[in-house]
Amino acid sequence: MTTALTLIGGPTVLIEIDGVKLVTDPTFDPPGAYPSGAITLRKTRGPALSAAEIGAVDAVLLSHDQHADNLDPAGRAFLEQARTVFTTPVAQGRLGLGVVVTPFQDEILKGANGRRLIVTGAPARHGPPGIEPISGPVTGFLLGRDAPGDAVYVTGDTVWYEGVAEVARRYRPKIVVLFTGSAEPRGKFHMTMDANDALEAAHAFPEAAIVAVHNDGWAHFIESEAELRQAFAALGAGERLVALPPGEPVRFA
């Protein structure tokens, strides 16, 4: 059995595990501006594949609903194409749909093809200590075939902190999908992983293929994937990063 990942754009990835189809944080809008209080998020690139091209999926893994770069209007419409949505308690309450996941809680997803996946919540912190009242709650996800977290770990919007380290102590996923880009929508501090965070994660998951997403397509990312690759290469870890060409499935054994 194989796992395939297809980068749609930003945080949006189509994950196919044994024929079960999942999409992370759906964002399908064209480029545009998204005012939010004192800041405006600006999308600079549209999706590599449309929602129609992806079609129905077994589940959406929604790390949070409060930021347009993780769930835009077209992404909200895409939720209707999913048989199940996994998300935070707050997002479930606002959206009125979905299955709530909390850290290290297991849920069972049965795909349309009859195959079973274990979906486990993972802790996440969307920025530095004390950011929670501003950024709001976020969750990551672990996906397992035969045991919790043995297939894929999706960090969601988080920095490296004790919660991610705890995931590494408990699980051994084959693929780790990092939300990177060192996002600085408010300036002065990053709210997603920078190169140092990503290197910490790669060190904590020494047997996993590392995939970096959510580092392009929005103006508030200050660190590109090319810069992340330079940092990994400088420390002799360049081979750890697996590239996802937009719109093209990459298969993992």
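Helices (DSSP runs of H or I, at least four residues) and strands (runs of E, at least two) are numbered from the N terminus. By that count, the chain has 7 helices and 15 strands. This is a predicted model, so to speak a computed picture: local features need pLDDT of at least 70, side-chain atom pairs count only at pLDDT 80 or more, and totals for chains, interfaces and linings use all residues. Residues are numbered from 1 along each chain as its sequence is written, and side-chain values use heavy atoms, with hydrogens and water left out.

As for overall shape, the chain's radius of gyration is 16 Å, which agrees with the value near 18 Å for a compact globule of 253 residues (taken over C-alpha atoms; the rule is 2.2 Å times the number of residues to the power 0.38). Buried residues (under 20% relative accessible area, 1.4 Å probe, protein chains only) make up 57% of the 253.

Now for the pockets. A pocket is an open set of points on a 1 Å grid over the protein atoms alone, where a 1.4 Å probe fits, with protein on both sides within 12 Å along at least five of seven lines; lining residues have an atom within 4 Å of a point. The largest one has a volume of about 270 Å³, counted as the space filled by probe spheres set on the points. Its lining has 20 residues, and Leu-7, Gly-9, Gly-10, Asp-216 and Pro-246 are the closest to its centre. Strand S1 (residues 3-9) gives the most to this lining, with 3 residues.

The second largest pocket holds about 220 Å³. Among its 18 lining residues, Ile-39, His-67, Pro-185, Arg-186 and Met-191 lie nearest the centre.

Definitions and conventions
Buried means under 20% relative accessible area, exposed over 50%, partly exposed in between (1.4 Å probe, protein chains only).
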